[in-house]
Amino acid sequence: MTAIQQGLARRLTADEVDYYQEHGIVHLKQIFSPPWIATVEHVFRLVLGISDPMMNVMDMGQLAVALEAVGIELLDKGEAPGDFKIASYNWNRIPELAALLMGTPLPELAAELMRSSRINFFGDQLFAKGPKSNRRTAFHQDAPYYHFTGDQCCSIWIPLDEVDQENGAMGYVRGSHRWPIYAANSFASQTPLPGSTEQPLPNIEADEAKFDVAYFDVKPGDALVHHVRTAHGSRANTSATRARRALVARYVGDDVRYFERESAPPTALKSASLKDGDRLDSSEWPLLWTAAGGYEASPAAGPALSEILSRGETKGEILEYLSGR
Ligand SMILES: O=C(O)CCC(=O)C(=O)O
């Protein structure tokens, strides 16, 4: 990175890139600028404020009730009066979210950490653990949920609240990006999803010390970035007053190729056009940035989107911009 990109408070250091490569996780302290984080907060509220049946939002409380009803053992039992919602893959319904994820600074941040010369967008998720939502996110790897192979996929976890052990800190098994792919679970239970063919993940929750789980206390402006095979999960939010919100943005790089994984859950995104072995370039996973051409290579996005967003332009103008590219 030659200049500080719009949205960043500072440059990445060489040590941070090495740490990500070595451990499959890195904590970037105060990497984002306050105005950019204010934009993330605005978009987060917008997404979770929309009540539209087309929105992809999972209520984890309801999921837990449904799992228990069919006899699946939950990680956290007992009373969990607070809300825990996960909103997934809504970027193509909400232009402001698309603009945030596809413009500076996230694609270049992902490129630098993964040492990749090109970046496609892969997906968005919002995790909102309300006060007293009292539910862990079970340890899991992201890879078994996806229809692709490769190492260069990272998730950038962007907190909007101060987060510590009390309100849902994220934990990561350092070095587990070198593990094989284990079975996917429902996040509320360690039980593998029906149809999984991989081995169940070791019982990390039972002996976190043995697995060298690293928990991170974070503040708005920080990011935690993990590799697609790094095992991760989070504490319950046991605080009576403090929410724990995070936006997760996922990107893929040079070595990722489409691969229809038979064991992936039915909700895993498939492409209408790609076949096994193809790069992900498609309307589902747009190419955003290349080292040679910057954002110019991108049919879908670019720094101008972030600019439009930061000027507080209207939804109509953002939609017009996206459809004109
Ligand atoms: O925020 C959480 O509790 C879990 C996040 C997660 O699993 C992810 O970012 O892949």
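In the classes used here, Ala, Val, Leu, Ile, Met, Phe, Trp, Tyr, Cys and Pro count as nonpolar, Asp, Glu, Lys and Arg as charged, and the others, Gly among them, as polar. By that division, the lining of the largest cavity has five nonpolar, seven polar and three charged residues. The model described here is a predicted one.

The cavities come first. The structure holds two cavities of 30 Å³ or more. The volume of the largest cavity is about 100 Å³. Its lining is made up of 15 residues, and those nearest the centre are Phe127, His140, Trp157, Met170 and His232. Four elements, β4, β5, β11 and β12, give two or more residues to this lining.

What takes up the space of the largest cavity? The ligand does. Two or more residues of the shell around the ligand come from each of β4 (118-129), β5 (137-140), β11 (232-234) and β12 (244-252). With three residues, β12 gives the most to this shell.

The shell can also be read residue by residue. There are 13 residues around the ligand, and Thr137, His140, His232, Ser234 and Arg244 come nearest. By class, four residues of the shell are nonpolar, five are polar and four are charged. His140 and His232 are thus named twice, being among the residues that come nearest to the ligand and among those nearest the centre of the largest cavity.

Several side chains of the protein place polar atoms by oxygen atoms of the ligand. For Ser234, an N or O atom of the side chain is 2.7 Å from an oxygen atom of the ligand. For Thr137, the corresponding distance from a side-chain N or O atom to a ligand oxygen is 2.8 Å. Asp142 has a polar side-chain atom 3.4 Å from an oxygen atom of the ligand. How much of the 290 Å² that the ligand exposes when taken alone does the protein bury? The protein buries 100% of that area.

The second largest cavity has a volume of about 40 Å³. Ala64, Leu74, Leu75, Asp76, Arg135, Arg136 and Ala188 form its lining. Four of these lining residues are nonpolar and three are charged, with no polar residue in the set.

The pockets are a separate matter. In the largest pocket there is about 780 Å³ of space. The lining of this pocket has 28 residues, and Ser88, Tyr89, Gln125, Tyr145 and Thr267 are the closest to its centre. At least two residues of the lining come from each of β2 (57-59), α3 (60-69) and β3 (84-88). By class, the lining divides into 16 nonpolar, eight polar and four charged residues.

The second largest pocket holds about 160 Å³ of space. It is lined by Phe44, Arg45, Leu48, Asp83, Phe84, Lys85, Ala128, Lys129, Gly130 and Arg245. Which elements each supply at least two residues of this lining? They are α2 (34-49), β3 and β4. Of the elements, α2 gives the most, with three residues. The lining of the second largest pocket has four nonpolar residues, one polar residue and five charged residues. Some elements recur across these sites: β3 supplies at least two lining residues to the largest pocket and at least two to the second largest pocket, while β4 serves the second largest pocket as well as the shell around the ligand.

Two points in the backbone remain. Most residues other than glycine have a negative phi, and most peptide bonds are trans. In the model, the peptide bond from Thr104 to Pro105 is cis, and its omega is near 5°. Pro105 belongs to the loop between α4 (95-102) and α5 (106-114). The other point is Asn134, a residue other than glycine with a positive phi, near 45°. Where does Asn134 lie? Asn134 is in the loop between β4 and β5, two elements that each give two or more residues to the shell around the ligand.

Notes. Residues are numbered from 1 along each chain as its sequence is written. This is a predicted model: local features need pLDDT of at least 70, side-chain atom pairs count only at pLDDT 80 or more; totals for chains, interfaces and linings use all residues. Side-chain values use heavy atoms; hydrogens and water are left out. A residue is near a molecule or strand if one of its heavy atoms lies within 4 Å of it. A polar contact is a pair of N or O atoms within 3.5 Å; within protein, one must be able to donate a hydrogen and the other to accept it, and residues adjacent in sequence count only if both atoms are side-chain atoms. Accessible areas come from the Shrake-Rupley method with a 1.4 Å probe; for residues, only the protein chains shown count as cover. On a 1 Å grid over the protein atoms alone, a cavity is a set of points where a 1.4 Å probe fits but cannot get out, and a pocket is an open set with protein on both sides within 12 Å along at least five of seven lines; lining residues have an atom within 4 Å of a point. A molecule sits in a cavity or pocket if more than half of its atoms lie within 2 Å of its grid points. Grid points are joined across faces, edges and corners, and a volume is the space filled by probe spheres set on the points.
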